[in-house]
Amino acid sequence: MRIEPYRHSATSHFVVEGLRINGKRVRKFFKTKKAATTWIDQTKTKIANEGLSALTLSDNLRIMAVQCADQLKPYDKTLTDATAFYIDFLARTERSCTFAELVASFTAAKTKDGASDRYLSDLRTRFGRATLDFGPRKVAIIDAREIDDWLRDLPLSPQSRNNFRTVLHALFA
């Protein structure tokens, strides 16, 4: 990077040339040579510390990063932590099956294991009711609290809810 005099502007007297980002020429204009020199020093330090790709971040992305970091601060978490968590979530969701598919494979396995007709009928009844609400959803995104809330909303006796819970526990296990 080099500083050149610039005579085509009333407000900018110097231009910094020689910086290329993603194959594009970048020129920066300054009132004073000192300001241009300071910018070059800061840019060189930034490139040394973060790499050339750090200079390509848009203003919107930098603002978003600051806002997200502020939101994570009360939880003592970083953007790296949040990204790792979300990537793990996406990977688990990606390879997860739907609730209806899990029910089908579970009942098929129990049938193959020789479960009694009465037990299989009970599974079909209980899973049929749950499939109405959870059927197309990915299993990885259904959490225990949601299942618990669903069970509490069933107009059944506590023992019947426990029977549902037992069957659903076996399914998810």
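## A small sheet, its covering helix and the helix α4

Ser 12 touches Tyr 6, Phe 29 and Phe 30, not counting residues up to four places away in sequence, where touching, or contact, means heavy atoms within 4.5 Å. This serine is found in the loop between β1 and β2; here helices (H or I, at least four residues) and strands (E, at least two) are DSSP runs, numbered from the N terminus. Ser 12 counts as buried because its relative accessibility is 14%, given that buried means under 20% relative accessible area, exposed over 50%, and partly exposed in between (1.4 Å probe, protein chains only). The model is a predicted one, in which local features need pLDDT of at least 70 and side-chain atom pairs count only at pLDDT 80 or more, while totals for chains, interfaces and linings use all residues. Residues are numbered from 1 along each chain as its sequence is written, and side-chain values use heavy atoms, with hydrogens and water left out.

The strands on either side of that loop belong to an open sheet of 3 strands, in the order β1-β2-β3 and with antiparallel pairing; two strands pair if DSSP finds at least two bridges between them. β1 (2–5) and β3 (24–30) stand at the edges with a single partner strand each, so one side of each has no neighbour in the sheet. On average, neighbouring strands of this sheet are turned by 30° against each other, direction ignored. Strand β2 (residues 14–21) runs antiparallel to β3 and is joined to it by 6 bridges. As for individual partners, Leu 19 has Val 26 as its bridge partner in β3. Helix α1 (residues 33–50) packs on the sheet and touches β1, β2 and β3, with its direction at about 15° to that of β2. For such angles, axes are lines fitted to C-alpha atoms, for helices over the stretch in contact, and values run from 0 to 180 degrees between N-to-C directions.

Further along the chain, Asp 76 is found in the loop between α2 (59–72) and α3. Its phi is near 55°, a positive value in a residue other than glycine. Most residues other than glycine have a negative phi. Asp 76 counts as exposed, because its relative accessibility is 68%.

The next loop, between α3 (79–94) and α4, holds Ser 96. Ser 96 is buried, with a relative accessible area of 14%. Leaving aside neighbours within four places in sequence, Ser 96 is in contact with Lys 138, Val 139 and Ala 140.

Helix α4 (residues 99–112) has 14 residues and reaches 20 Å from its first C-alpha to its last, close to the 20 Å expected at 1.5 Å a residue; the expected span is 1.5 Å times one less than the number of residues. Which residues of α4 are buried? They are Phe 99, Leu 102, Val 103, Phe 106 and Thr 107. These residues lie on the same side of α4 because they cover an arc of only 125° around the axis, the arc being that of the directions from the helix axis to the C-beta atoms. An α-helix has 3.6 residues a turn, so residues three or four places apart point the same way. The cover over the buried residues of α4 includes α5 (117–134) and α7 (158–172). Just after α4, Gly 114 takes a positive phi of about 85°.
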